[in-house]
Amino acid sequence: MYREEPFTLASGKMSHHYFNCKKITLHPARLSLLAAAIRDELLPAHGLALPKAAGGLTLGADPIAYAFSLACHEKGHLCMPVVVRKEAKGHGTGRQIEGDLTDIDEVLVFDDVITTAGSTLKPVAALREAGKQVTTAVCIVDREEGGREALSAEGVQLIALFKKSDFSSR
Ligand SMILES: O=P(O)(O)OC[C@H]1O[C@H](OP(=O)(O)OP(=O)(O)O)[C@H](O)[C@@H]1O
Ligand SMILES: O=C(O)c1cc(=O)[nH]c(=O)[nH]1
């Protein structure tokens, strides 16, 4: 989406372009196709096996994690969905990470869009703090604004379905 009046992004950056991936992740047919593409094409193309757990920062990653978990279930593979809250709950369990990660060493991290990767690095840090390995992040759109490099600096490879330059040279 292009707008003359710039959008304010999660990082505080301003941009005339905005990729609203909720149009994919909050639409059943599109979300289902996305999950199958990650399962059948994206991960195999990078030599990656189906993970035992996958998810990321709420809200962007949540529908992807649920749909991917169900897509794995269809193939008889157990992949636990993981939700990482922006902050730990201030009541109840006080948890920041939701999902049963018993006996799971590694978590695949999702995001819908990556700009600076500041949002993606939050669940990476929380999961590592909880003793889990994170080596790979998968997103729908990489805006090519430093996110890949920021993740790489933390030892996380980024696999993107699309790049901003696939759509526009501006
Ligand atoms: O790479 P970054 O610079 O961190 O920007 C990308 C993040 O921005 C959006 O999240 P937003 O904070 O708008 O939240 P939402 O997904 O919960 O709506 C998007 O879902 C990514 O998580
Ligand atoms: O950086 C962001 O906040 C951002 C950019 C974008 O194109 N789409 C989005 O949902 N968030």
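This briefing covers the overall fold, three helices, two ligand shells and two single residues of a predicted model. The protein chain has six helices and eight strands. Its radius of gyration is 16 Å against the 15 Å that the globule rule gives for 170 residues, so the chain is as compact as a globular protein of that length.

**Overall fold**

- Read from the N terminus, the elements of the protein chain follow the order β-β-α-α-β-α-β-β-β-α-β-α-β-α.
- The C-alpha trace of the protein chain spans about 50 × 35 × 30 Å along its principal axes.
- Buried residues make up 34% of the 170 residues of the protein chain.
- When contacts between residues at least 6 apart in sequence are taken, 62% of them join residues at least 24 apart.

**Helix H2 (residues 28-45)**

- H2 consists of 18 residues, and the distance from its first C-alpha to its last is 25 Å, close to the 26 Å expected at 1.5 Å a residue.
- H2 has a kink of about 40 degrees, and the kink is centred on Ile38.
- Ile38 is also one of the buried residues of H2, together with Leu34, Ala35 and Leu43.
- An α-helix has 3.6 residues a turn, so residues three or four places apart point the same way.
- The partners against which the buried residues of H2 pack are helix H1 (22-25), helix H3 (62-74) and strand E7 (136-142).
- After H2 comes Gly47, with a positive phi near 70 degrees.

**Leu31, a residue of H2**

- Leu31 lies in helix H2.
- Leu31 counts as partly exposed because 19 other C-beta atoms lie within 10 Å, whereas a buried residue needs 20 or more.
- Apart from neighbours within four places in sequence, the contacts of Leu31 are Ile24, Thr25, Pro63 and Ala67.
- Pro63 is 32 residues away from Leu31 along the chain, yet their C-alpha atoms are separated by 7.8 Å.
- Two of these contacts, Pro63 and Ala67, are among the buried residues of H3.

**Helix H3 (62-74)**

- The 13 residues of H3 should span 18 Å at 1.5 Å a residue, and the 19 Å between its end C-alpha atoms agrees with this.
- The buried residues of H3 are Asp62, Pro63, Ile64, Ala65, Ala67, Phe68, Ser69, Ala71 and Cys72.
- These buried residues pack against two helices, H1 and H2, and against strands E3, E4 and E6.
- Gly76 follows H3 and has a positive phi, near 80 degrees.

**Helix H4 (residues 118-129)**

- For the twelve residues of H4, a rise of 1.5 Å a residue gives an expected span of 16 Å, and the end C-alpha atoms are 17 Å apart, which agrees.
- Ser119, Thr120, Leu121, Pro123, Val124, Ala126 and Leu127 are buried in H4.
- The buried residues of H4 pack against strands E3 (53-57), E4 (80-84), E5 (97-98), E6 (108-114) and E7, as well as helix H5 (147-153).
- Gly131 comes after H4, and its phi is positive, near 90 degrees.

**Ligand 1**

- The shell around ligand 1 holds 16 residues, of which Ala10, Gly60, Thr115, Thr116 and Ser119 are the closest.
- One of these, Ser119, is among the buried residues of H4.
- E6 gives four residues, the largest share of this shell.
- Both E6 and H4 supply at least two residues each to the shell around ligand 1.
- By class, the shell around ligand 1 contains seven nonpolar, seven polar and two charged residues.

**Ligand 2**

- Ligand 2 is surrounded by Leu9, Ala10, Ser11, Tyr18, Phe19, Cys21, Val113, Thr115 and Arg143.
- Six residues of this shell are nonpolar, two are polar and one is charged.
- Ala10 and Thr115 are listed around ligand 2 and are also among the closest residues to ligand 1.

**Gly94**

- Gly94 sits in the loop between E4 and E5.
- Gly94 counts as exposed because it has 8 C-beta neighbours inside 10 Å, and the limit for an exposed residue is 12 or fewer.
- Beyond its neighbours within four places in sequence, Gly94 is in contact with Ala88 and Lys89.

Key: Residues numbered from 1 in each chain as written. Chains lettered and ligands numbered in written order. Predicted model: local features only at pLDDT ≥ 70, side-chain atom pairs only at ≥ 80, totals over all residues. Contact = placed C-beta atoms within 7 Å. Near = placed C-beta within 6 Å. Nonpolar A, V, L, I, M, F, W, Y, C, P; charged D, E, K, R; others polar. Expected span 1.5 Å × (residues − 1). Bend = angle between axes of the 7 residues up to and from the residue. Rg over C-alpha atoms; globule rule 2.2 N^0.38 Å.
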